[in-house]
Amino acid sequence: MFEVIAFYMFSILVIGMFLIVVFSKNALYSMSALAGGMIFISGFFFLLDADFLGVVQIIVYTGAIMAVYAFGMMFFDTTRDVKENIRFKKIIYGLSILSAIFLIFILLAPVYSGKIEALYPSIQGVGNIQMIGLILFTKYLVPFELAAIMLLAAMISGIVLVKIKMEETPTDIEVARGEK
Amino acid sequence: MIETALIVETVVKAVIALAVVAGMGAFATFIERKILAFMQRRLGPMHVGPYGLLQLAADGIKLFTKEDIIPQNVVKPIFVIAPVIASASAFVAIAAVPYFPEFTVFGYTIHPIISDINVGLLFIMGAASVGMYGPLLAGLSSHNKWSLLGGARAVIQLLSFEVVSGLSILAPIMMIGSLSLIDMNDYQIGGVANWLIWKQPLAFVLFAIAGFAETNRTPFDLIEFEAEIVSGYATEYSGMRWGLFFIGEYANMITISVLVSIIFLGGYNDIWFIPGAIAMLIKVSLWIFLFLWVRAAWPHVRPDQLMWVCWKVLMPLALINVLITGIVLV
């Protein structure tokens, strides 16, 4: 009973939030709704007894959208509406609706034919975190390590790009420019 | 019937925890003014009531009855919701905190924790990091340059301390093998010698520093530092909305104090003749006192210094700590 109520509540909240993300012209509304929607999604994980994934969803997306805010702060005046310059409105809307329908079809087809079953059904007495650890380090070890390497490469390239002026303090730069 | 009892119990516990933590947070503002005054050889609030104790009620009445001002050019919905996020997330975090050992009233065993989820520690840290959205949204929606600077500082603060607090807590988690705070408490049963602080001193120091950054306390109070950015994100706020931010901050202080006490300082286990609940109160009070002492004793750091210390000093130390713990455990 409570689960059903909670499920519909979270569904409405999530869909509403993401609609605001798409339709709002104010960057601040969009970003805040994105953060809210991502946090509400964790509700579904909690409903499915996947506590760990739910909490990870909150922690990861809090930090990630915080970075989006940082860019928003640099690129927009967040208290004003963004002037959008969209031509060919009909084509864009038509294509996006079509692709959404395709996506739903692709995802729902296996459910409809009843062929979905858990590859790794949860074992009694083994916790959430242990199960994730077991699967990550056996079946999905290679994708896991590949993702780690990709992240490492991205991090190193980020550091190299910034490294040029890393050791200089603002005072050094002013001295170099002859302002002090 | 069992379900109804569970719901009633949870609601009662939630209301009590909310009232007690909010009350303690309000009282902490009074204690803070007194202790800061003594450290600076002043008397602090003295006129209202005995020893200035009723100053608290006077401040409360003032905050509640002040006119609610919403400035002209702000983004109104975000401006209104930001203080609510700051305080609500602080109170959501206390849902997974066990305060006292379980006790029995009229034959009914009560666990003083609202919801014992098995990832309690992660949940608290997640809720606390959502709390940083309060200052950020306030800063962005205020249409004020000082507020914007405060919001920008909130971003770098979150991106700096979150890594350190996560990595520093990883080593104790590896030793205990559970994310539940009750398991962490039970791991340290049996006196002061079994406290985790002796096995993980480095993790303790790192987590404490990250806790100071998480609660915006001096020396990391850079998002509302008066001398540089007026009042930071809270510049445009007044009355109860301003008050909500600070209720959230003090509730966070209490949560961090409880977390440190449970993870590193033996939790609510009995010490010698002191019962567990009293021991917990003493530890939390001492930790709150430390927060205030640090505020009186230290100047604050610059934002770039915070990033420097978090990413170049604390994070490598935390990683080394995790590595050593792993080698020792294997």
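Trainee: Leaving aside its neighbours within four places in sequence, which residues is B:G139 in contact with?

Mentor: Happy to start there, with one caution: this is a predicted model. Contacts of this kind show what a residue meets once the chain has folded back on itself. B:G139 is in contact with B:S147, B:L148, B:G150, B:G151, B:A154 and B:Y233, leaving aside its neighbours within four places in sequence. B:G139 itself belongs to helix α5 of chain B, residues 133–141.

Trainee: Is B:G139 buried or exposed, and why?

Mentor: To judge that, count the C-beta atoms around the residue; 20 or more within 10 Å make it buried. B:G139 has 31 other C-beta atoms within 10 Å, so it is buried. Distance along the chain and distance in space are separate things, too. B:G139 and B:T235 stand 96 residues apart in sequence, while their C-alpha atoms are 8.6 Å apart in space.

Trainee: At what angle do α5(B) and α6(B) pack?

Mentor: For a pair of helices, look at the angle and then at the gap between axes. Here α5(B) packs with helix α6 of chain B, residues 145–176, at about 150 degrees, and the axes are 7 Å apart. Angles over 145 degrees count as roughly antiparallel, so α5(B) is roughly antiparallel to α6(B). The crossing of the two is left-handed.

Trainee: Which residues of α5(B) and α6(B) make the contact?

Mentor: On the α5(B) side they are B:P135, B:L136, B:A138, B:G139 and B:L140, and on the α6(B) side B:S147, B:L148, B:G150, B:G151, B:A154 and B:V155. Our starting residue, B:G139, is one of them. Sorted by class, this contact has seven nonpolar, four polar and no charged residues.

Trainee: Which residues does B:A213 touch, not counting residues up to four places away in sequence?

Mentor: B:A213 can be read in the same steps. Its place is helix α9 of chain B, residues 201–214, and it touches B:Q157, B:S160, B:F161, B:F220 and B:L306. B:A213 is buried, because 24 other C-beta atoms lie within 10 Å. Its C-alpha is 7.1 Å from that of B:Q157, although the two are 56 residues apart in sequence.

Trainee: Where is B:R41, and what is its phi?

Mentor: Phi is a backbone angle, and its sign is worth a look. B:R41 sits in the loop between α1 (2–39) and α2 (55–65) of chain B. Its phi is near 55 degrees, a positive value in a residue other than glycine. With 6 C-beta neighbours inside 10 Å, B:R41 counts as exposed. B:Y51 is in the loop between α1 and α2 of chain B as well, and its phi is near 60 degrees, again positive in a residue other than glycine. B:Y51 has 12 C-beta neighbours inside 10 Å, so it counts as exposed.

Trainee: How many helices and strands are there in chain A?

Mentor: An overview of a chain begins with its elements. Chain A has seven helices and zero strands. Of its 180 residues, 17% count as buried. Among contacts in chain A between residues at least 6 apart in sequence, 48% join residues at least 24 apart.

Trainee: How do α1(A) and α2(A) cross?

Mentor: Helix α1 of chain A, residues 2–23, and α2(A) have axes that come within 8 Å and cross at roughly 155 degrees. That makes the pair roughly antiparallel, and the crossing is left-handed. Residues in this contact include A:F7, A:F10 and A:V14 in α1(A), which meet a set in α2(A) that includes A:A33, A:G37 and A:F40. By class, the contact has 16 nonpolar, four polar and one charged residues.

Trainee: How many residues of α6(A) are buried?

Mentor: The number is zero out of 23, so α6(A) lies largely in the open. This helix covers residues 141–163 and reaches 32 Å from its first C-alpha to its last, close to the 33 Å expected.

Trainee: How many residues does each chain give to the contact between A and B?

Mentor: Chain A gives 21 residues and chain B gives 25. On the chain A side, α2 (27–47), α3 (51–75) and α5 (128–136) each give two or more. The largest share, 11 residues, comes from α3(A). By class, that side has 12 nonpolar, eight polar and one charged residues.

Note on methods
Residues numbered from 1 in each chain as written. Chains lettered and ligands numbered in written order. Predicted model: local features only at pLDDT ≥ 70, side-chain atom pairs only at ≥ 80, totals over all residues. Contact = placed C-beta atoms within 7 Å. Helix = DSSP H or I, 4+ residues; strand = E, 2+ residues; numbered from the N terminus. Nonpolar A, V, L, I, M, F, W, Y, C, P; charged D, E, K, R; others polar. Axes fitted to C-alpha atoms, helices over the stretch in contact; angles between N-to-C directions. Parallel < 35°, antiparallel > 145°, perpendicular 65-115°, else oblique. Left-handed = near helix turned anticlockwise from the far one by under 90°. Expected span 1.5 Å × (residues − 1).
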